[in-house]
Amino acid sequence: MDFIASTVEESEPGAEAELAVWERLKAAFDNDDYGVAYHKYPIIDKGGNRFDHEPDIVLLHREYGLVVIEVKGYQIDQIDRIEGHTWYLDGISQRTAKPHAQARSQANFLRSFFVREQELMGERGCKIPVNQLVALPNITRDDWDEAGFDGPAAPQIITKDELTPAALRTQFENLKTFGSLEREELRAGLDVLSCGQPISGESLPPAENPNSKADHYEKVVKGLNGLDLQQQEIGVQIPPGPQQIRGIAGSGKTVLLAMKAARMHEKHPDWDIVFTFYTKSLYNHLTGLIERFYEHFTDSEPNFDKLHVIHAWGGKQAGDGVYYRLAKQSKTKFRSFGTAQTEFADEDIEPFEGACQRLLDYGDIDEQFDAVLIDEAQDFGPAFFNLCREALHEPERLIWAYDEAQNLSSLTAPSPINIFGTDADGEPKLDLSGQYKRGIRKSHIMRRAYRAPRAILMLAHAFGMGLKRDDGPVQLITRQEGWRNIGYEIEADFRRYGSEATLTREKEQSPHPLQDIDDAEPFVKCRGFPSKQEEAEWVAEHIKTDIQEEGLDPEQILVIPLGPNGRGHAHFSLRNALNEYDIEINCVWNNDDHKQFTKPGNVTVSRINRAKGNEAASVYVMSTEAVENENRRKGPVQRRNEAFVAITRSRSWCTITGQIGDRRAMFNELHSLTSEVSQEEPEITFEVPNPKSLEHELEEDTDEYDDSAITDF
C-alpha cells in the first residue's frame, strides 16, 4: 500500500484531526495490501459547486474499491442533532454540516474519471465500487451511542476507539459487497487516480498496416497513462519554500511542473504564479498541459491573469516575459537579444545572462510573485535565478526543474551554491538539504526515463560523452552515485586508468511501451555517406517510407541538421530531395509564430536550439560529422551535447546520418555503440580515462545536498 500526502498546513481547520486519521490508516495497511491512499486528493468542484474543498482522504484498494473518508474534528457536545444528511452543530462557528453528502459528491466526482476508461466499465457500469465514510477522531463509540445517534438510519462512521489497526480493518471489511478487483482493473484505477488522464492520448484510428511504425506508435501515445509514485508526490505537493527537481531527459519534469502550477492555482487562486521556460516553441504545449491538469482538478478553466505562462526573456515582438516585465516595471533599460549580443560581445557571458545581471545591478525589483516555476532550468545562468528570487514574496517559492545531461554547453547544471552563493560565514544562501515539514523534499532526483527507448537513451549518453571515442571521452561522470542519479549501473574502478568499465541500464529505469516488441526494432540506426547529396537523398527516401509505407503523419517526423548555418546547411539539399516525393517541410526558424513548432502535413526541420524541449515519433539527426568539426567556435563538449539533445528528441526511432569524409573514426564509434545498445541486454564497455584528459568532469559540485536529498526508488 502506498501513501501520498499532498500539502496541508497544520493551521488549516481540521488539519490536526485529518493527520491523526491519516497516521492511523498508515499503521493499518502494509506492503501486503495492493492500493494507494491520498491525503488531500487534489480535486475541487469549482464548476458545479457540489463540494468546496478537497477530499480529506481517498483510498483505492484491491479488496475495498474506492473509499472517500471525510474527517471531522468535532467533540460530541458540538453535534446537537442529525436530521437526514444534515448535522446541526453547536458551540462552533459552523452551524450545519453534511459530511456524508460531501463525501458522496466527492466520490461521484472521482467516479466520473473512472467511467471514461473502457477497461473499467462492465455490463453493470463502473467496475470499481465507491464507498464513503466519516471519521470522528475526537468522539468514542460510547459517546456517539449515548448521544442517540445510533439509530437504524445512522450514518456510517469511524470513531476514535475504532482507529486501531484491527478495528479499522474491520470497518473496511464491512464495506465489501463484491469480489476483489482484477489486477488490470486495479492498475487502470491507480493510473486514473495518479492524474494520468490529462497526459493520456485519445485512441488513434486502427493502423492500415499492422506492425507498421504507425501501429507501434499508437501504443506509445494512445490510451491511459499513469504517473509513478515519485511523480505524483512531486506534482501534488506545494513546498513552503524553494525546491529543485533534477532528472534524466524524458523523466516527466515538464509534466510535473505543469501539474504543480495547476495544483497551486487550484489551491491558492489569489496567488500570482509564474511558469517560465527557455524554448519559445514550447508555449502552446505548456499552456495546454496546465489547462488539462487544472480542468482535471476543478472541472473549470484556469485564470491566466493570475497564472502567468510567460517566456523567460520576452520582448516587444516575442510578447510578455519575466525579464521584459521586470525591466519595464523597474524602469530599467530593456535589452533585446540583438542589443545584449552586441553589448556583451567582448565579455565572457551569454547575452541573456548579461541582460539579467544588469537588471539585478541597476534595477529596483519589486516583490510581486507568490511562486515562480522554471522549466528547462539547465539553460539559465545564476543572474536569471536571482532575478526571479528578487521578485518573490516570502517564503520565496522558487521551483526549478532541469535535465541532467541536457544543456547545450554542459551535461550538468550548477549547484545551488554556484547559483545563489554563500553568506559571510560560508553557509549556502539557499540550502536544499533535507526536507520541509511533513516530508516535502527540497530536492528530487528522477532516474526513470519515459520518453525514448532504452537503446536510444544509452547511445545518446555514450556518444554525448564520447565514451568510445578514439581519443577517449570528452566528459565523464566519475562517481558511481552520479551514474545512479540518471538510472545507470556501472562496473568501474575510476582510479585505474585504462581499465575496462561496463555501463548498463535496467528496463525498469526506461519503461518504454515498445521495449519488448521485437517488430518495433531497431530503435536506432546510423549511416555514413560519401557526400551531402547522397545523405539527403537517403534520408528523404526513408522519410517517404515512414509516411507512405509505415503510416506516420509528416508532423510526427523531425529532422535536426547539426552544424553551422549557411549555404551548405543540410536542410537545403533535404528540401530538394523531399520535393521529389511531394513532401513539404516546416523549417521552424522561418516561422513567424515562435510559439508553434509543428504544422499539420509538414515534416518538421529544426536547428538544435529550437528542437530542444520538443519531441517526435521518428527523428533524423543529419550532418553528424559536425560533432568533430574543430573549426567551429564551439568546443568538443558543446558539440557532443548538441548531438545528445538531438538524439533524445525521439519518442520511438532515431536515425543518425552524416558525411564520412575524414570522420570515419567517429562513424565507427557510432556503429559500435549502435550494436551494443541494440542487444537484448545492452551494455557499453569503454576504457576509464585519466581525468586530466577530460574537457569536463561531471557530478563534481553536488555533494552538499546529494546525501540528504536523493529520492530512492
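Good morning. I begin with lysine K40, which lies in the loop between β2 (35–39) and β3 (57–61). The model before us is a predicted one, and K40 shows a backbone feature worth pointing out: its phi is near 65°, a positive value in a residue other than glycine. Is K40 buried or exposed? With a relative accessible area of 6%, K40 is buried, since the cut-off for that class is under 20%.

A second residue offers a useful companion to K40. D582 is found in the loop between α18 (570–579) and β23 (585–587), and its phi, near 55°, is again positive in a residue that is not glycine. Its surroundings can be stated briefly: D582 has a relative accessible area of 71% and is therefore exposed, the cut-off being over 50%.

Let me now step back to the whole protein. It contains 22 helices and 28 strands. Along the principal axes, its C-alpha atoms fill a box of roughly 90 × 65 × 55 Å. For 713 residues, a compact globule would have a radius of gyration near 27 Å; the protein has 28 Å, so the value agrees with that expectation. Of the 713 residues, 57% are buried. As for the contacts with a separation of 6 or more, 72% of them come from residues 24 or more positions apart.

I turn next to a pair of helices. Helix α8 covers residues 253–267 and helix α9 covers residues 283–298; they pack at an angle of about 50°, with their axes 8 Å apart. The two helices are therefore oblique to each other. The crossing of α8 past α9 is right-handed. On the α8 side, the contact is made by T254, V255, A258, M259, A261, A262, R263, H265 and E266. On the α9 side, the residues are L286, L289, I290, F293, Y294, F297 and T298. What kinds of residue make up this contact of α8 with α9? They divide into 11 nonpolar, three polar and two charged.

Another helix deserves attention for its surroundings. Helix α10, residues 322–329, is mostly covered, with six of its eight residues buried. Those buried residues are V322, Y323, Y324, R325, L326 and A327. Which elements do they pack against? The partners are the strands β13 (273–276), β14 (307–309) and β15 (369–374), together with the helices α12 (351–362) and α13 (382–390). Just after α10, K331 adopts a positive phi of about 55°.

The next topic is cis peptide bonds. One joins E394 and P395, with omega about 10°; P395 belongs to strand β16, residues 392–404. Another runs from E521 to P522, where omega is near 0°. P522 sits in the loop between β20 (500–504) and β21 (524–529).

That loop between β20 and β21 also holds S510, which brings me to my last residue. With a relative accessible area of 0%, S510 falls under the 20% cut-off and is therefore buried. Which residues does S510 touch? Leaving aside residues up to four places away in sequence, S510 touches A449, R454, L457, R505 and Q515.

To close, I return to the loop between β20 and β21: S510 is found there, and P522, too, has its place in that loop. Thank you for your attention.

How values were computed: Residues numbered from 1 in each chain as written. Predicted model: local features only at pLDDT ≥ 70, side-chain atom pairs only at ≥ 80, totals over all residues. Heavy atoms only, no water. Axes fitted to C-alpha atoms, helices over the stretch in contact; angles between N-to-C directions. Helix = DSSP H or I, 4+ residues; strand = E, 2+ residues; numbered from the N terminus. Parallel < 35°, antiparallel > 145°, perpendicular 65-115°, else oblique. Left-handed = near helix turned anticlockwise from the far one by under 90°. Contact = heavy atoms within 4.5 Å. Nonpolar A, V, L, I, M, F, W, Y, C, P; charged D, E, K, R; others polar. Rg over C-alpha atoms; globule rule 2.2 N^0.38 Å. Buried < 20%, exposed > 50% of the residue type's maximum accessible area, 1.4 Å probe, protein only.
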